[in-house]
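Me: I would like a close look at a single part of this protein. Please keep it brisk, and place that part in its wider setting.

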Amino acid sequence: MDQHFSASQGASLIRRGLFPTLIYGPVVSRRLGMSLGINPLPLDVKLCSFNCPYCQFGWTDMYVGDVGEAPDEVFPSVGAVGAALEETLEKRVSDGTRLDSITFAGNGEPTLHPEFAELVDVVAAIRDRLVPQVKLSILTCGSTLHHPEVLRALNRLDERQVKLDAGDPETLWAVNLPHPPFDLDRMIAHIPGLTDCILQSMFVQGRVDNTTDEVVAAWIAKVAQIRPLAVQAYTLDRIPADKSLEPAPRARLHAIARRCQETTGVACEVY
Ligand code: SF4
């Protein structure tokens, strides 16, 4: 793959924690089981439309607001991802490795890939042929849901996990630092275009705190509006970009989940 990076991005090439391959794992995930990851993003930098201070990959190197803003050549080709997946799955099938899911995630926001829809088609065909029992899923921040082709591609997957960490603009800005012109209400307005979704919500304390009663109330109002299949609440378990952040106490997470479930009727689990 031919990749081009600026000098400032070069400093991050040795950053630890980024996935150096197109396919990684399988990793044991409490939410997705034995999950094989697909990283359709640059291998050496984080490319995302969010810059969450809690991100396990550090601060965002290539901060782009939308599909088409990053040069096409920084992304792996659809053919390269498909070939890497096929090779990995053939090995896993022959050595009998259990797999529960194949998940689009990786070093940032996977739907920013300029050929995301084609990529999903190729991955789905390989899954159908080699491991039809394994579900396809994605972790997304939802920044590209206004693209009809992204929505259609997401609906080809079995499970869509969408990030929602706050319901009010101030806290959303603090906890996700979304690239303008990200607008939460615009994102939510497109969610009915998804077959369904699960919301993933990270709660942290410290310099940024999205666990206060008032902030949680605004978040619950958005959960009620979205009506997801379920909400997954969790907290830090890896070193965040902003080292001053702290994990939310388990008791607080459970109280938030209880309040959300009682108010909205949506199943809310703590991970
Ligand atoms: S959306 Fe995910 S990859 Fe992007 S900055 Fe936030 S946690 Fe990191």
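How many bridges join strand β6 to β7, and do the two run parallel or antiparallel?

Reply: This is a predicted model. Four bridges join strand β6, residues 135-140, to β7, and the two strands run parallel. One pair within this ladder can be named: Leu139 has Gln161 of β7 as its bridge partner. Between the two strands the chain passes through helix α4, residues 148-154. That β-α-β crossover is right-handed.

Now the other partner. Strand β8, residues 198-202, pairs with β7 over three bridges, again in the parallel sense. Here Val162 is matched with Leu199 of β8. So β7 has β6 as one parallel partner and β8 as another.

Burial fits into this picture. Strand β7 covers residues 159-163, and four of these five residues are buried. The strand is therefore largely enclosed by the rest of the structure. The cut-off for buried is 20 or more other C-beta atoms within 10 Å of a residue's own.

The ligand comes next. Lys163 is one of the residues around it, and residue 163 belongs to β7. The shell also includes Cys48, Phe50, Asn51, Cys52, Cys55, Phe57 and Thr60. Gly108, Glu109 and Cys141 are listed there too. By class, the shell has six nonpolar, three polar and two charged residues.

Strand pairing elsewhere includes an antiparallel case. Strand β1, residues 23-29, is joined to strand β2, residues 33-38, by five bridges, and these strands run antiparallel. They form a hairpin, with three residues between them. Val28 faces Met34 of β2. On the β2 side, strand β5, residues 101-104, pairs in the parallel sense over four bridges. There, Leu36 has Ile102 of β5 as its bridge partner.

Some backbone details deserve a check. Pro26 lies in strand β1, and a cis peptide bond joins Gly25 to Pro26, with omega about 10°. Another cis bond runs from Pro180 to Pro181, where omega is near 10°. Pro181 sits in the loop between α5 (169-176) and α6 (184-190).

Leu177 is found in the loop between α5 and α6 as well. Its phi is near 40°, a positive value in a residue other than glycine. Leu177 has 20 other C-beta atoms within 10 Å, so it is buried. Arg227 also has a positive phi, about 55°, without being a glycine. The loop between α7 (213-226) and β10 (230-234) holds Arg227. With 14 other C-beta atoms within 10 Å, Arg227 is partly exposed.

One helix position is worth adding. Asp121 is in helix α3, residues 116-130. It is partly exposed, with 15 other C-beta atoms within 10 Å. Asp121 and Val78 are 43 residues apart along the chain, and their C-alpha atoms are separated by 9.7 Å.

Finally, the whole protein. Its secondary structure comes to eight helices and twelve strands. The radius of gyration is 18 Å, close to the 18 Å that the globule rule gives for 271 residues, so the protein is as compact as a globular protein of that length. The C-alpha trace spans about 50 × 45 × 35 Å along its principal axes. Of the 271 residues, 44% are buried. Among contacts with a separation of 6 or more, 75% come from residues 24 or more positions apart.

Key:
Residues numbered from 1 in each chain as written. Predicted model: local features only at pLDDT ≥ 70, side-chain atom pairs only at ≥ 80, totals over all residues. Near = placed C-beta within 6 Å. Nonpolar A, V, L, I, M, F, W, Y, C, P; charged D, E, K, R; others polar. Buried ≥ 20, exposed ≤ 12 C-beta atoms within 10 Å, placed from the backbone. Pairing = 2+ DSSP bridges. Right-handed = clockwise from strand over helix to strand, strands pointing away. Rg over C-alpha atoms; globule rule 2.2 N^0.38 Å. Contact = placed C-beta atoms within 7 Å.
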